[in-house]
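Subject: Structure handover and notes on salt bridges

Dear colleague,

I am passing the structure below on to you, together with some notes on its charged side chains. Please read the notes alongside the coordinates.

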Amino acid sequence: MPHPETSGFQTDTPENYYSHYPITDPAHAVIRISGSLIRQKAAKYFSEKLIDIGCGKGIKRGLIGEYIDDYVGLDHESSPHGTDAVDLVGTAQNIPADDNSFDCALCTAVLEHLRYPQEALKEAFRVLKPGGYVLVTAPLYWHLHEEPHDYFRYTRYGLEHLFESAGFSIAELIPLSGFWVTFGTVFSYYLCGFNKGILKPIVNTVVAFINWMVPKLDRGILRDERFTWMYMVVARKP
């Protein structure tokens, strides 16, 4: 999934998070949709000490920081985003923390990059306290990215199987879009292949229009969630 390529920013507000995906960015619409829902679910399910599994540059703190007391970012030592914002250096399959260490966990757009996603979910289960919640996003439709470490896409039924096999009880499983947002975003990424020279202002204008229009189409015209670009899972450790 898309990651920001800039640094040197504040991470304490949603506005700072969103600012890295302007309307000319092909991910603008999906970031707004997913970010809004992450905040909504964080307000409902998160508390106290959180681990962000695959934290990158730590910018998601801006989305959920007001709902927790302690943010701990985990990423691996060869992360393409560096380790400046990382509190724990490790992997999703091997978290350097004791059992029952965290009240909640966040893991967005990571499962598709893991060779052994089942092991990662078991590890999240291990470090969560009983009664703790994990919020995970995983794509159904998305182009190849962060190659060669791009292994899986997930249906809702595959996600149910993975989480329940790891011991979790699923509280919510939500498709984040219908056809129009998925189609518009994929088309925008394709157009960005032409985003250079004299075509750049034209491409930016078209992408901005798509980002403005497709959420409206998704809400108003036959929202077919079979074509969602991504699912969100909120699951509880009994």
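Arg 126 has a relative accessible area of 23%, and because buried means under 20% and exposed over 50%, this residue counts as partly exposed. Please keep in mind that the model is a predicted one. The partner of Arg 126 in a salt bridge is Glu 123, with 2.8 Å between the closest N and O atoms, and Glu 123, at 11% relative accessibility, is buried. These two residues lie 3 residues apart in helix H4, which spans residues 117-127, so about one helical turn separates them.

Across the whole structure, the search returns 12 salt bridges. One of them, as far as burial is concerned, joins two buried residues, Lys 60 and Asp 52, whose closest N and O atoms are 3.1 Å apart. Asp 52 sits in strand E1, residues 49-53, and its relative accessible area is 0%. Apart from neighbours within four places in sequence, Asp 52 is in contact not just with Lys 60 but also with Tyr 71, Val 72, Gly 73, Leu 74 and Leu 106.

A further salt bridge links Arg 226 to Asp 224, where the closest N and O atoms are 2.6 Å apart; here Arg 226 is exposed, at 60% relative accessibility, whereas Asp 224 is buried, at 18%. In addition, Lys 41, Lys 44 and Glu 172 are joined into one network by salt bridges that share partners.

Best regards

Methods
Residues numbered from 1 in each chain as written. Predicted model: local features only at pLDDT ≥ 70, side-chain atom pairs only at ≥ 80, totals over all residues. Heavy atoms only, no water. Helix = DSSP H or I, 4+ residues; strand = E, 2+ residues; numbered from the N terminus. Buried < 20%, exposed > 50% of the residue type's maximum accessible area, 1.4 Å probe, protein only. Contact = heavy atoms within 4.5 Å. Salt bridge = Lys/Arg side-chain N within 4 Å of Asp/Glu carboxyl O.
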